[in-house]
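Student: I have a protein in front of me and I want to learn to read it. Can we go through it by question and answer?

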Amino acid sequence: MNIQNPIKVAVLAYDGANAVDIFGPLQAFASANEMYRRIHSEASDIYEIKLFSLTELQIRLHTQTSVLTDGLLVDLADYQADTIIISGGESAPLLASQSEIISKLPVSYTHLRAHETREDL
């Protein structure tokens, strides 16, 4: 069973993001692909996963680790992601509410609403 159109997942990362909030979702989708291929022999991936950053292809995480991304926020429209995950970190709530970032999301995503993080959890 081959997937004609895999579900496109974009993880948006930035300088200072938490590594676990980037690599956790990336690994979860990669593991889902692996499990799907095990169940459906000769199957292609059900998820296509890409890592995007705000303005530079190379970012520096909170762990002081440098990571090279697949593309920039401005490339997200061409990718036509079905799901966008904004990685966590100290700056996440601020970034998720900045109009200049929201305005760069593809037009089809403008109906999304930002979810505030709750400090009391």
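The questions below go from the overall layout to single residues.

Student: How many helices and strands are there in the protein?

Tutor: Start by noting that this is a predicted model. From the N terminus on, the elements run β-α-β-β-β-β-α-β-α-α. Counting them up gives 4 helices and 6 strands.

Student: In what order do the strands of the open sheet stand?

Tutor: The open sheet is formed by 4 strands, and their pairing is parallel. β5 (71-72) and β6 are at the edges, each with a single partner strand, so one side of each has no neighbour in the sheet. Read across, the order is β5-β2-β1-β6.

Student: Which residue in β6 is the bridge partner of Val 9?

Tutor: β1 and β6 run parallel and are joined by 4 bridges. Strands of a sheet pair through backbone hydrogen bonds. For Val 9, the bridge partner in β6 is Thr 83.

Student: At about what angle does α1 run to β2?

Tutor: Look at where helix α1 lies. It crosses β1, β2 and β6. Relative to β2, α1 runs at about 165°.

Student: Which element gives the largest share of the largest nonpolar core?

Tutor: The largest nonpolar core has 21 residues. Two or more residues come from each of β1 (7-13), α1 (19-39), β2 (47-53), α2 (76-79) and α3. The largest share, 4 residues, comes from β1.

Student: Which residues does Ala 10 touch, not counting residues up to four places away in sequence?

Tutor: Ala 10 is among the residues with the most contacts inside the largest nonpolar core, and so are Phe 52, Leu 76 and Tyr 79. Those three also appear among the residues that Ala 10 touches. The full list is Lys 50, Phe 52, Leu 76, Tyr 79, Ala 81, Thr 83, Ile 84 and Ile 85.

Student: Why is the pair of Phe 29 and Tyr 47 edge-to-face?

Tutor: The structure holds 2 aromatic pairs. In the pair of Phe 29 and Tyr 47, the ring centres are 4.8 Å apart. Planes over 60 degrees apart count as edge-to-face. The planes of this pair stand at 65°, so the pair is edge-to-face.

Student: What does the pair of Phe 29 and Tyr 47 tie together?

Tutor: Phe 29 is in helix α1, and Tyr 47 is in strand β2. Phe 29 is buried at 19% relative accessible area, while Tyr 47 is partly exposed at 21%. The cut-off for buried is under 20%. Because one ring sits in α1 and the other in β2, the pair ties together parts that are 18 residues apart in sequence.

Student: How many residues apart are Phe 52 and Tyr 79?

Tutor: Phe 52 and Tyr 79 form an aromatic pair that is tilted, with 5.4 Å centre to centre and 50° between the planes. Both residues are buried. Phe 52 is in strand β2 and Tyr 79 in helix α2, so this pair links distant parts of the chain, 27 residues apart.

Student: Which residue lies over the face of Tyr 79?

Tutor: Look along the face of the Tyr 79 ring. At 5.2 Å from the ring centre lies Lys 8.

Student: Is Ser 87 buried or exposed?

Tutor: Ser 87 is in the loop between β6 (83-86) and α3 (92-97). Leaving aside neighbours within four places in sequence, Ser 87 is in contact with Leu 12, Ala 13, Tyr 14, Ala 17, Asp 21, Ile 22 and Ala 92. Its relative accessible area is 1%, so Ser 87 is buried.

Student: Is Gln 80 buried or exposed?

Tutor: Gln 80 is found in the loop between α2 and β6. It has a positive phi of about 55° although it is not a glycine. The relative accessible area is 56%, so Gln 80 is exposed.

Student: Where does Gln 64 lie?

Tutor: Gln 64 also has a positive phi, of about 70°, although it is not a glycine. Its place is the loop between β3 (58-60) and β4 (66-68).

Student: What share of the residues in the protein is buried?

Tutor: The protein has 121 residues. Buried residues make up 31%.

Notes:
Residues numbered from 1 in each chain as written. Predicted model: local features only at pLDDT ≥ 70, side-chain atom pairs only at ≥ 80, totals over all residues. Heavy atoms only, no water. Buried < 20%, exposed > 50% of the residue type's maximum accessible area, 1.4 Å probe, protein only. Contact = heavy atoms within 4.5 Å. Core = buried A, V, L, I, M, F, W, Y, C linked by side-chain atoms within 4.5 Å. Phe/Tyr/Trp six-rings, centres within 6.5 Å; stacked < 30°, edge-to-face > 60°. Lys NZ or Arg CZ within 6 Å of the ring centre and 35° of its normal. Pairing = 2+ DSSP bridges. Axes fitted to C-alpha atoms, helices over the stretch in contact; angles between N-to-C directions.
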